[in-house]
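The following exercises are to be worked with the sequence and the model at hand. Each task is followed by a solution in steps.

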Amino acid sequence: MRTRAGWSASAAASSSATTSACTPAAEATNLRLPPDDQLPAFRAALLDWFDRGRRDLPWRATKDPYAIWVSEAMLQQTTVATVQSRWRAFIERFPTVRALADAPLDDVLAQWRGLGYYQRARNLHAAAQAVAKAGAFPRTADGWRALPGVGPYAAAAVASIAFDDPSAVVDANVKRVLARLAAREEPVEGTRAAKELAAAARRLLDGARPGDWNQAVMELGATVCSPRAPQCPRCPVAPWCKGLATGAPERFPAPSAKPAKDSRTDLAVAVRRGDRVLILRRPAEARHFGGMWELPRAAVDPALHHAREAARVLREVAGLEARSIGDAILTIRHTVMNSRIELRVCAAEADGEPAAPGHDEFRWATAGEWLALPSSSTQHRVAKALAGEGG
Ligand code: SF4
């Protein structure tokens, strides 16, 4: 029977789907999801769709837990399109977990440049060393959770895809799909929502093919059940979708109240000595860009006198007294977490050697030397501009 939501659930439930002996008993949840007797058909519909049209992504051609783990670490904050090329390069540079564990952290950070959220690279490196020391990969999500920086999402994804561990993944795509399937009105953020949606994901999980199931739900959210315009006529689970039955599935889940972005102006000072420039290394434990190299920089008040602010930055950050300060030679606007930042770069002359207590070390580097060191994408652009290679 054709309904506004597609084919009726009862018709779909009578399809040829069978329940896997490996699928655990359905867990009770408060959400209005398919009833127990329709779960086999529901799971079969989504897995059939995934089997027929899954995206051809390079990390899907392997069961190597290391390669899958690297892809999941990258995908957490970066788009699939970007990850595709960067994943290949990373695996070529560090082909095994041992190769990654033995590599200097600076090499790993340099290879990660442009992917952002560098803490992921540091965690990946530390976790690779733990795996290399243990001599084997964990085989369960709980085992993966014990590694540095591996959260519940990555743990469930890698364990289920590489080792068929029956752990359900819950990411933003999964949350949206579940909220729409159940016509769940509330925002999906917060502890209560996390518990509710995790229980729902566990209940729906296909225990016989947990890795494929997790990828199928995420793929549905990424390609069909998109945030603003879900393509319900193409959806394999439309017959069970309570959100679609309301006639306005895109209104689920309700948006969360987002904190407003703050704005600030940073000033970076390029102190030159011949063809070299002073760069400082941020502390390894810094919340952002730990272990990366940068010009002396700090937040300034753009309403105050430019040269005086630049002299202050140089004194407070690098312990140098400026002899002269030039105008801004470069301005870069970028966003870090919840902050919009306008970075202004100016040249300066100063005598003496720096004392930078807020940094791990300093160096007088040519632009070429700096470009080979780990630095953020923004600082990399500054280095290229100083090298005369463009901004
Ligand atoms: Fe429901 Fe449409 Fe999303 Fe499918 S695409 S889960 S029918 S809202």
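## The hairpin and its strands

In this predicted model, Met337 takes a positive phi near 50 degrees in the hairpin of E7 and E8, which has two residues between the strands.

**Exercise 1.** Determine in which sense E8 pairs with E7 and with E3, and over how many bridges.

*Solution.* Step 1. Begin with the hairpin: strand E7 covers residues 322–336, and its pairing with E8 is antiparallel, over eleven bridges. Step 2. Locate one pair within this ladder: Ala328 has Cys346 in E8 as its bridge partner. Step 3. Turn to strand E3, residues 262–273, which pairs with E8 (residues 339–350) in the parallel sense over ten bridges. Step 4. Fix the register with one pair: Ser339 in E8 stands opposite Asp262. E8 thus pairs with E7 in the antiparallel sense and with E3 in the parallel sense.

## The ligand shell

**Exercise 2.** Identify the residues that surround the ligand and divide them by character.

*Solution.* Step 1. List the surrounding residues: Arg180, Val224, Cys225, Cys232, Cys235, Ala238, Cys241, Leu244 and Pro249. Step 2. Sort the shell: eight residues are nonpolar, none is polar and one is charged. Step 3. Assign the charged member: because Arg counts as charged, this is Arg180.

## Two pockets

**Exercise 3.** Describe the largest pocket by volume, central residues, contributing helices and lining character.

*Solution.* Step 1. The volume of the largest pocket is about 1100 Å³. Step 2. Its lining has 38 residues, and those closest to the centre are Leu75, Gln76, Tyr153, Asp171 and Asn173. Step 3. At least two lining residues come from each of helix H3 (65–75), helix H9 (152–163), helix H10 (172–181) and helix H12 (210–223); H12 gives the most, with seven residues. Step 4. By character, the lining divides into 13 nonpolar, twelve polar and 13 charged residues.

**Exercise 4.** Carry out the analysis for the second largest pocket.

*Solution.* Step 1. The second largest pocket holds about 910 Å³ of space. Step 2. Of the 31 residues in its lining, Val170, Asp171, Ala172, Lys175 and Val188 lie nearest the centre. Step 3. Helix H8 (141–145), H9, H10 and helix H11 (191–204) each supply at least two lining residues. Step 4. The lining comprises 17 nonpolar, two polar and twelve charged residues.

## Three residues in their surroundings

**Exercise 5.** Is Ala159 buried or exposed? Is Ser375 buried or exposed? Is Glu92 buried or exposed?

*Solution.* Step 1. Ala159 lies in helix H9. Its relative accessible area is 0%, so Ala159 is buried. Beyond residues up to four places away in sequence, Ala159 touches Arg139, Thr140, Ala141, Trp144, Asp164 and Asp165. The C-alpha atom of Ala159 is separated by 8.7 Å from that of Gly143, 16 residues apart along the chain.

Step 2. Ser375 is placed in the loop between helix H15 (367–371) and helix H16 (377–386). With a relative accessible area of 1%, Ser375 is buried. Neighbours within four places in sequence aside, Ser375 is in contact with Arg113, Tyr118, Met292, Trp293, Trp370 and His380.

Step 3. Glu92 is placed in helix H4 (residues 80–93). Its relative accessible area is 66%, and Glu92 is therefore exposed. Glu92 and Ala367 are 275 residues apart in sequence, and their C-alpha atoms are 26 Å apart in space.

Definitions and conventions:
Residues numbered from 1 in each chain as written. Predicted model: local features only at pLDDT ≥ 70, side-chain atom pairs only at ≥ 80, totals over all residues. Heavy atoms only, no water. Near = heavy atom within 4 Å. 1 Å grid on protein atoms, 1.4 Å probe; cavity = no way out; pocket = protein on both sides within 12 Å on 5 of 7 lines; lining within 4 Å. Points joined across faces, edges and corners; volume = space filled by probe spheres on them. Helix = DSSP H or I, 4+ residues; strand = E, 2+ residues; numbered from the N terminus. Pairing = 2+ DSSP bridges. Buried < 20%, exposed > 50% of the residue type's maximum accessible area, 1.4 Å probe, protein only. Contact = heavy atoms within 4.5 Å.
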